[in-house]
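Student: I am new to this structure. Please take a close look at one part of it, and then work outward from there to its surroundings.

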Amino acid sequence: MSDFELARPALDGVRVLELGTLIAGPFCGRLLADHGADVIKIEAPDRPDPLREWGQAEQNGHHFFWTVHARNKRCITLDLRSPRGRDLFLELVATADAVVESFRPGTLEKWGLGYEVLSDRNPAIVLARVSGYGQTGPHRARPGYASVAEAVSGMRHLNGFPGDPPPRTALSIGDSLAGMFAAQGVLTALYARDRANTPGTGRGQVVDVSLAEACLALLESTIPDYSVTGHIRGPGGTRLEGLAPSNLYRCADGRWLIIAANQDTVFARLCVAMGREDLIEDPRFATHTARGRNQDEIDAIVSKWAGTQDADTLTAVLNAAGVVVGPVNTVADVVRDPQFLARDMLVAHHSSAIGADVLGPGVVPKLGRTPGAVRWAGPGRPGAHNAEVFTGLLGLTDDELTLLVAERVI
């Protein structure tokens, strides 16, 4: 096997057209682009993706959410509402493997670009559709954001402390989950298409992803628990009810550690580390079920012990004992973490918008033979790759490109 084949990304040769804005669709595109797919992001000429202005920090008017989520993509502008823009898009569809869109259901159909039209131009095309509630059902037409998806799915109800308003994680979890399921759906549909007995005869299909359903899919046993017994799981604060000890504990220096020793063998190791071997056979704590029933008592014992040592010392003691432990890191801690650094999870993105490198997350998952990579950061200018795509891929002339700009098609 040649060096080229060893280094070739897993999705090299796959072309994806990314439509839509904000987080879920672009995150799906990013995941595919990280592993070598040729992702062409399409923005309206007069309405660039608002993600360009998202994020809590900026420099010279540039926000860094875009730097990361548009990485490895070719960015073009194209008005899909215009007849000429529609025709050009269909020409791109003829060259592509998948389209990812995150509009409200019915939007593509309104523009004359529904799945039937795309499939007629390219029967092999996979159309991934990400929306708040999915393409069917009584709520299909409702707009959807991650915050509401997390709420209606039951996920938000499980967050926070009993009796308090359920807080939100300071991330758009629902969007990211939907983007991940969309990427999984695209890959699954491409596999189904390409396993056809006769090469080139496989057909694409629609991948329907709902933000609300992406959140609901992560609810573990909450639904069967309710279905069988009527039990409604509630928020657990800093712990999960019935899993003990597994909680947040404050050390002598004021720092917080997660100590997770709810499994019987790990609990025994914790007891030895604490010098409390007597607890191993104590009927209150001897089994997983018993510790769950006496959760407050064992938490108090571990908390008192943790409060006698600083976080670094306690971490060293527990790691040596084989007990699961870890700090509650801020991003300032994360970017210095030796494990993340060793695994290339903190990667420089060269931002042309500010003329400097910006640190961002690396590629997940790690593939041993065909690894993904951050090849370039999201371009700062909308339509940065117009000439490359329209002249290089579709064969338009420079004069035709100039006319399209004048007519505001691109």
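Tutor: Strand β9 and strand β10 (residues 256–260) run antiparallel and are joined by 5 bridges. One pair to look for is Leu-248, whose bridge partner in β10 is Ile-258. Helix α13, residues 295–306, packs on the sheet and touches both β9 and β10. The direction of α13 makes about 35 degrees with that of β9. Keep in mind throughout that this is a predicted model.

The sheet itself is open and has 3 strands, in the order β9-β10-β11, with antiparallel pairing. β9 (246–250) and β11 (324–327) are its edge strands, each pairing on one side only. From one strand to the next, the twist averages 25 degrees.

Just before β9 comes a point in the backbone that deserves a look. The peptide bond that joins Ala-244 and Pro-245 is cis, with omega at about -10 degrees. Pro-245 sits in the loop between α10 (222–229) and β9. A second cis bond runs from Val-364 to Pro-365, with omega near 0 degrees. Pro-365 is placed in the loop between β13 and α17 (386–390). As background, most peptide bonds are trans, and most residues other than glycine have a negative phi.

The phi angle brings up another pair of residues. Asp-344 is not a glycine, yet its phi is positive, about 55 degrees. It is found in the loop between α16 (338–342) and β12 (346–351). Leu-22, also not a glycine, has a positive phi of about 60 degrees, and its place is in the loop between β1 and α2. Are these two residues buried or exposed? Asp-344 counts as exposed, because its relative accessibility is 52% and the cut-off is over 50%. Leu-22 has a relative accessible area of 16%, which is under the 20% limit, so it counts as buried.

Leu-22 leads to the strands on the other side of its loop. Strand β1 (residues 15–18) pairs with β6 in the parallel sense over 3 bridges, and Leu-17 stands opposite Val-99 in β6. Strand β6 (residues 98–101) is in turn joined to β7 by 4 bridges, and these two strands run parallel. Two of the matches between them are Ala-98 with Val-126 and Glu-101 with Arg-129. Beyond that, β7 pairs with strand β8 (residues 206–210) over 5 bridges, again in the parallel sense. There, Leu-127 stands opposite Val-206.

In a regular strand the side chains alternate between the two faces of the sheet. In β6, one side carries Ala-98 and Val-100, the other carries Val-99 and Glu-101, and all of these are buried. Strand β7 (residues 126–131) has 6 of its 6 residues buried. Its two covered faces hold Val-126, Ala-128 and Val-130 on one side and Leu-127, Arg-129 and Ser-131 on the other.

Helix α2 follows the loop of Leu-22, and one of its residues is Leu-32. Leu-32 is buried, because its relative accessible area is 3%. Leaving aside residues up to four places away in sequence, Leu-32 touches Leu-11, Val-16, Ala-37, Val-39, Ala-183, Val-186 and Leu-187. The contact with Val-186 spans 154 residues along the chain, and the C-alpha atoms of the two are separated by 9.0 Å.

Last come the pockets. The largest has a volume of about 1,600 Å³. Its lining has 42 residues, and Arg-30, Val-68, His-69, Leu-171 and Pro-361 lie nearest its centre. Elements that each supply at least two lining residues include α2 (24–34), α8 (173–194) and β13 (356–361). Of these, α8 gives the most, with 7 residues. By class, this lining has 30 nonpolar, 9 polar and 3 charged residues.

The second largest pocket has a volume of about 760 Å³. Among its 37 lining residues, Gly-20, Thr-21, Leu-22, Ser-102 and Phe-103 are the closest to its centre. The elements that give two or more residues to this lining are α2, β2 (38–43), β7 and α7 (146–152). Here the classes are 18 nonpolar, 10 polar and 9 charged residues. Leu-22, described above for its positive phi, is thus a residue to find again when viewing this pocket.

Methods. Residues numbered from 1 in each chain as written. Predicted model: local features only at pLDDT ≥ 70, side-chain atom pairs only at ≥ 80, totals over all residues. Heavy atoms only, no water. Buried < 20%, exposed > 50% of the residue type's maximum accessible area, 1.4 Å probe, protein only. Pairing = 2+ DSSP bridges. 1 Å grid on protein atoms, 1.4 Å probe; cavity = no way out; pocket = protein on both sides within 12 Å on 5 of 7 lines; lining within 4 Å. Points joined across faces, edges and corners; volume = space filled by probe spheres on them. Nonpolar A, V, L, I, M, F, W, Y, C, P; charged D, E, K, R; others polar. Axes fitted to C-alpha atoms, helices over the stretch in contact; angles between N-to-C directions. Contact = heavy atoms within 4.5 Å.
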